[in-house]
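Trainee: I'm new to this one, so could you take me in for a close look at the spot where the ligand sits?

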Amino acid sequence: MPVSSGIVSHDRRSLIMPQEKWAEPRRVMHSLLSGTALQQYGEWQEIESTQMMAEYLLKPHLWYRHHYRYANSVIHRIAFGERLVKSTKELEDMQNCVTFFVGSIGSSVVDWFPELARLPKFLQLWRLYWKPLGDWNYNVYHSWWDPIRRQVEGGTAKPSFVRDVLLSPETKYTGNDEDAMYVALQLIEAGSDTTREALNIMVMAALEYPDVFRKARAHVDRVCGTGPDARLPRLRDMDQLGYICAMAKEILRWRPIFVVTPDHTATKDFEFEGYHFPEGTGFVINEVPVGAECERPDDFDPDRWMDGHETDITHGLWQFGGGRRICVGYRLAQRSLFINIARL
Ligand code: HEM
């Protein structure tokens, strides 16, 4: 994708990198799926979620902003090791990076016919539009990256993914400073926007299907109590609150965040249902019809997921993609959705 990957992402967003370049950033990101990391990050998810509950009480009309702050703050802390202290303008810039990047995917004819990028540069008129966007994005990333990199170099950084994994000599990450910057900031943008959207969809479902939420509340009350002895749900309640886990899956099925997933490419020729697919064919998951392959697909009904696999968010659900490139944050995302659905 010469536009969305090349110009807009300076060839450094792993999400849409070709296989050869993708392996190294993925190797360093993989720790995000490990049990030890999840336990540490879980504490931060619970603290930030508690703050979100307070924000809901104090400023209920800004509910959607609380979702974004929560999501951004959690992943900021995981990536950079500190709580988020950014101005509204800085947050807006970060959100715009995602919006422009996602909007660039497939919107230029050049990404569908990449051979066009072989034309001499002076004929590539699309660069006039996309290059300033890519450079603006690069500068926003730098304004978030430079302070944390200086802290790591100066030995004052707190424990974090950047300090202990990405820039740790033990990891032997082979990318340069720019590559590392894109790994870290891609995490922040990928982790914030998706979680925020899923929580927004939850609110939409709550308005449309109050009975489902009454039922959810009964489940939570049974585990966490009612009256003066009631306590907030915790991540460790997940196994006992299968219905809440099922709600997270239903949110993503009912109104998918990813309408199509990024292309995966066939590495060799193969036959499927009488069709021949040559090596190099690009495949996407067409999420809306895939999610509608069930009974009464328009209904928001978490019970459809109560099949013994409800605590496994990728079982039967394709919203996180699949295979080797499956979303590296899916376990974090599941826990964020669980804790906030249960508490709200
Ligand atoms: C509801 C929430 C989320 C959804 C629906 C989602 C969905 C996806 C999808 C569809 C992909 C592409 C997978 C593929 O190509 O097959 C992806 C990749 C990715 N996601 Fe997520 N995601 C979510 C949350 C998160 C979170 C919380 C993080 C932060 C840790 C994250 C970080 C990433 C990264 C870094 C990639 C690129 C992985 C790679 O290049 O190998 N995502 N996500």
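What distance separates a polar side-chain atom of Trp22 from an oxygen atom of the ligand?

Mentor: Happy to. The gap is 2.7 Å for Trp22. Before we go on, keep in mind that this is a predicted model, where local features need pLDDT of at least 70 and side-chain atom pairs count only at pLDDT 80 or more, while totals for chains, interfaces and linings use all residues. Residues are numbered from 1 along each chain as its sequence is written, and side-chain values use heavy atoms, with hydrogens and water left out.

Back to the ligand. Trp22 has company: a polar side-chain atom of Arg26 sits 2.8 Å from a ligand oxygen, and an N or O atom in the side chain of His264 is also 2.8 Å from an oxygen atom of the ligand. A polar contact here is a pair of N or O atoms within 3.5 Å. Helices H2 (19–29), H9 (177–208) and H13 (330–343) are the elements that give two or more residues to the shell around the ligand; helices are DSSP runs (H or I, at least four residues), numbered from the N terminus. H9 supplies the largest share, 6 residues.

Now step back to the whole shell. It has 28 residues, with Ser14, Trp22, Arg26, His264 and Cys327 the closest; to count, a residue needs a heavy atom within 4 Å of the ligand. By class, 15 are nonpolar, 11 polar and 2 charged. In that scheme, Ala, Val, Leu, Ile, Met, Phe, Trp, Tyr, Cys and Pro are nonpolar, Asp, Glu, Lys and Arg are charged, and the others, Gly among them, are polar.

Cys327 deserves a second look. Its SG is the single protein donor to the ligand's iron atom, at 2.3 Å. Donors are N, O and S atoms within 2.8 Å of the metal (3.2 Å for Na, K and Ca), and water is not among the atoms, so a site may look incomplete. Cys327 itself is in the loop between helix H12 (287–291) and H13.

One last stop, away from those contacts: the structure has 13 aromatic pairs, meaning Phe, Tyr or Trp rings (for Trp, the six-membered one) with centres within 6.5 Å, called stacked under 30 degrees, edge-to-face over 60 and tilted otherwise. Phe100 and Trp136 have ring centres 5.7 Å apart and planes at 70°, so this pair is edge-to-face. Since Phe100 is in helix H5 and Trp136 in helix H7, the pair ties together parts 36 residues apart in sequence.

Notes
A polar contact is a pair of N or O atoms within 3.5 Å; within protein, one must be able to donate a hydrogen and the other to accept it, and residues adjacent in sequence count only if both atoms are side-chain atoms.
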